[in-house]
Amino acid sequence: MSDLPDAVTQTLTKRFGPRFSQGESTRLQHGRDESVHAPQPPAGVVHAESTQEVAEIVRLCAAHGVPIIPYGVGSSVEGHVLAPHGGISLDLSGMNRVLAIHAE
């Protein structure tokens, strides 16, 4: 696991409170999938609940060169949720509202 810059850790902790975790079990859950690849946990996990929060996280990570790994439910079989370079797992499972329906 690559460590996060202190500024990133402090900002995410202040902004997201318990929705930001660096706990081992949470990181391991987000650093494995259904693929044959060995687990590779991220340095932290953030549970976003809106597009505004996603944008904030992306801006912060981009400013500090921190990789972001989008995470839905972890059912991948290709290994794309693994974090070989550390970074932040951006858990999008809390974004569960229908914003619009376009029947056409």
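1. Helices H1 and H3 are roughly antiparallel to each other in this predicted model. The reason is the angle: H1 (residues 6-16) and H3 (residues 51-64) pack at about 165°, and angles over 145 degrees count as roughly antiparallel, so the pair qualifies. Their axes lie 10 Å apart. The crossing of H1 and H3 is right-handed.

2. Which residues make the contact between H1 and H3? From H1 come Ala7, Val8, Thr11, Leu12, Arg15 and Phe16. From H3 come Glu53, Glu56, Ile57, Leu60 and His64. By type, the residues of this contact divide into 6 nonpolar, 2 polar and 3 charged.

3. Next, the charged residues. Side chains of opposite charge can pair when their charged atoms come close. The structure holds 4 salt bridges. One of them joins Arg15 to Glu53, with the closest N and O atoms 3.8 Å apart. A salt bridge here requires a nitrogen within 4 Å of a carboxyl oxygen, so this pair counts. Arg15 sits in helix H1 and Glu53 in helix H3, 38 residues apart, so to speak of distant parts of the chain being linked is fair. Both Arg15 and Glu53 also belong to the contact between H1 and H3.

4. Now the sheet. It is open and has 4 strands, in the order S1-S2-S4-S3, with mixed pairing. Which strands form the edges? They are S1 and S3 (68-71), each pairing on one side only.

5. Strands of a sheet pair through backbone hydrogen bonds, either parallel or antiparallel. How do S1 and S2 run, parallel or antiparallel? S1 (residues 20-21) and S2 (residues 44-47) run antiparallel, and 2 bridges join them. Phe20 has Val46 of S2 as its bridge partner. Ser21 stands opposite Val45 in S2.

6. S2 and S4 (residues 88-91) run parallel. How many bridges join S2 to S4? There are 4. Val46 has Leu90 of S4 as its bridge partner. Val46 therefore has a partner in each neighbouring strand: Phe20 of S1 and Leu90 of S4.7. To look at first: the packing of H1 against H3, with axes 10 Å apart, then the Arg15 and Glu53 salt bridge, then the sheet order S1-S2-S4-S3.

Technical notes. Residues are numbered from 1 along each chain as its sequence is written. This is a predicted model: local features need pLDDT of at least 70, side-chain atom pairs count only at pLDDT 80 or more; totals for chains, interfaces and linings use all residues. Side-chain values use heavy atoms; hydrogens and water are left out. Axes are lines fitted to C-alpha atoms, for helices over the stretch in contact, and angles run from 0 to 180 degrees between N-to-C directions. Angles under 35 degrees count as roughly parallel, over 145 as roughly antiparallel, 65 to 115 as roughly perpendicular and the rest as oblique. A crossing is left-handed if the near helix is turned anticlockwise from the far one by less than a right angle, and right-handed if clockwise. Contact means heavy atoms within 4.5 Å. Ala, Val, Leu, Ile, Met, Phe, Trp, Tyr, Cys and Pro count as nonpolar, Asp, Glu, Lys and Arg as charged, and the others, Gly among them, as polar. A salt bridge is a side-chain nitrogen of Lys or Arg within 4 Å of a carboxyl oxygen of Asp or Glu.
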